[in-house]
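Colleague: Could you take me through one part of this protein slowly, as you would for someone new to structures? I would like to see how a strand sits beside its partners.

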Amino acid sequence: MRMLSIAVLAGGVTLRLCGPSSAPPGQPQHGGVVQASGNYFVELVPEPEGKVAAYVRDGTGGAPPPAQVELGAEVRPANGPPASVALVHDPDDDRYEGTLSGVPAGTHPVEVTLGIGPSESKAEFPAVALSVAPGIAAA
C-alpha cells in the first residue's frame, strides 16, 4: 500500500508518495505481457516447464475478489489444435496459474477469457513465448 505524505512549506506544498511503487495500470508488473479485458487488465506471464501465470487487476491496480473470477486461456499453435488451460487462483501469490499440455514450445497466440460475476470478456495476446511442459517434444 502506498501512502501520501503532504508537507506544507513556506511558499508551496510538497507531495510525496511513500511505500512500494507499482507500475501504472496496464503496464507489466511481473515481467509478462498486459492486455485489456473489459474493465480489467490481464498480465500473462509464461514460466518454465509449460506453466503460465496470470494477474488480473482493475484500473486502480486492485484485484477482483477471486470467488467472482473465472479465468481460462486457449493457446493456438500454428501447426496443431488449440489447447485450453484452466487458470486456478493461487492465494499465496494472488495470481492464477495453469500448466500447458500438448503444446510445443514456441511463440503462439493466446486468448484469455475473463469472467467476473455475470460479465465475460476476452484478451488477445498475439505472440507469447511458451516453454515445453515435461513430456512434450518441442516443434
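Modeller: Let's start with strand S7 (residues 83-90) and S8, which run antiparallel and are joined by three bridges. Strands here are DSSP runs of E with at least two residues, numbered from the N terminus, and two strands pair if DSSP finds at least two bridges between them. This is a predicted model, where local features need pLDDT of at least 70 and side-chain atom pairs count only at pLDDT 80 or more, while totals for chains, interfaces and linings use all residues. Residues are numbered from 1 along each chain as its sequence is written, and side-chain values use heavy atoms, leaving out hydrogens and water.

Now look across the pair: histidine 89 stands opposite tyrosine 96 in S8. S7 and S8 form a hairpin with four residues between the strands, and in this hairpin aspartate 94 takes a positive phi near 50 degrees.

S8 has a second partner to find. Strand S5 (residues 51-58) is joined to S8 (residues 95-99) by four bridges, and these two strands also run antiparallel. Here alanine 53 has glutamate 97 of S8 as its bridge partner. As you trace the strands, remember that side chains in a regular strand alternate between the two faces of the sheet.

Stepping back, the protein has ten strands and zero helices. Of its 139 residues, 32% are buried (under 20% relative accessible area, with a 1.4 Å probe and protein chains only). As for contacts (heavy atoms within 4.5 Å), 46% of those between residues at least 6 apart in sequence join residues at least 24 apart.

Conventions. Buried means under 20% relative accessible area, exposed over 50%, partly exposed in between (1.4 Å probe, protein chains only).
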